[in-house]
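This briefing is meant for a reader who is meeting the structure for the first time. Please look through the sequence and the model below, and then follow the points grouped by topic.

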Amino acid sequence: MPVEVTWWGHATCTVEDSGVRFLTDPLFARRLAHLRRRRGAPPPPGAAAAEAVLVSHLHSDHLHLPSLARLAPGTRLLVPRGAPAAVPGLRRLARSGLRLTEVEAGDAVTVEGVTVRAVPALHDGRRLPVGPHRAPALGYVVEGEARTYFAGDTGLFDGMAEAVGPVDVALLPVGGWGPYLGPGHLDAGRAAEALAELSPAAAVPVHYGTYWPIGLDGVRPHEFHSPGDEFVRHAARLAPKVAVHLLGHGERVRPEIAR
């Protein structure tokens, strides 16, 4: 089993490779500010079990302090360089036992024999709605028996495939949490373009169909429901050799890869 991917909803996934578990952007809340979870139950307590957690950027639906507080002491927490200065709560978590490591694009960290590379992302990395502290948004590539790319939040950018490097599995955002996507995001069509550039063996669409603003259920609801299916359709046209796995919340897959 080279790699197993579980999608818990939004950008939260467990990637298990070589017996090492990596958790991405954990968000376990039923409600976050003006957002509520509209599909899938919150992840079970076992979802917080991981040797390392990969935080892509500082937006509160990706760096969620109450969810990070559920991690066991000793868990390795990788965050963009500058994150503790922008989010002081991270320092409190470090004092409570999490092993905090700041990284930037180009850095590599080894977790129990598995390498994690930080790679660039095109996204506003600020802790909104206040600043001015900034930390760069990142993606990560987990390199064990497979090479699994977690894009976090990103738009398409020049040289994306070169910056990310060869990958076997791509976890790509295909939507968002509201009726409109701003710059620095991938919708289903642009995610399929990224997929064609990256050319992995397999892909899993994430970052859609989980949270939606309270009171906006009737505003462009297709933007909530459809991105996963749209990504499958666009990927079949632009990257027909890639096996796309459309997961439900809490479902897992063991993608077939050839190394």
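Strand β1 (residues 4–9) is joined to β2 by five bridges, and the two strands run antiparallel. The model is a predicted one, and the points below take up the opening strands, then a seven-stranded sheet and finally a cavity.

**The strands β1, β2 and β3**
- Within the pairing of β1 and β2, V5 stands opposite V15 of β2.
- These two strands form a hairpin with two residues between them, and H10 in the turn has a positive phi of about 50 degrees.
- Strand β2 is also joined by five bridges to strand β3 (residues 20–24), again in the antiparallel sense, and V20 of β3 is the bridge partner of D17.
- The hairpin of β2 and β3 likewise has two residues between its strands, and there S18 takes a positive phi near 55 degrees.
- Because five of the six residues of β2 (residues 12–17) are buried, this strand is largely enclosed by the rest of the structure.

**The seven-stranded sheet**
- An open sheet of mixed pairing is formed by seven strands in the order β9-β10-β11-β12-β13-β14-β16, and its edge strands, β9 (108–111) and β16 (243–244), each pair on one side only.
- Strand β14 (residues 202–206) pairs with β16 in the parallel sense over two bridges, with A202 standing opposite A243 of β16.
- Helix α5 (residues 188–198) lies across β12, β13, β14 and β16, and runs at about 160 degrees to β13.

**The cavity**
- The structure holds one cavity of 30 Å³ or more, and the largest cavity contains about 40 Å³ of space.
- Its lining is made up of G175, G176, G178, P179, Y180, L181 and E223, which by class are three nonpolar, three polar and one charged residues.

Methods
Residues are numbered from 1 along each chain as its sequence is written. This is a predicted model: local features need pLDDT of at least 70, side-chain atom pairs count only at pLDDT 80 or more; totals for chains, interfaces and linings use all residues. Side-chain values use heavy atoms; hydrogens and water are left out. On a 1 Å grid over the protein atoms alone, a cavity is a set of points where a 1.4 Å probe fits but cannot get out, and a pocket is an open set with protein on both sides within 12 Å along at least five of seven lines; lining residues have an atom within 4 Å of a point. Grid points are joined across faces, edges and corners, and a volume is the space filled by probe spheres set on the points. Ala, Val, Leu, Ile, Met, Phe, Trp, Tyr, Cys and Pro count as nonpolar, Asp, Glu, Lys and Arg as charged, and the others, Gly among them, as polar. Two strands pair if DSSP finds at least two bridges between them. Helices (H or I, at least four residues) and strands (E, at least two) are DSSP runs, numbered from the N terminus. Contact means heavy atoms within 4.5 Å. Axes are lines fitted to C-alpha atoms, for helices over the stretch in contact, and angles run from 0 to 180 degrees between N-to-C directions. Buried means under 20% relative accessible area, exposed over 50%, partly exposed in between (1.4 Å probe, protein chains only).
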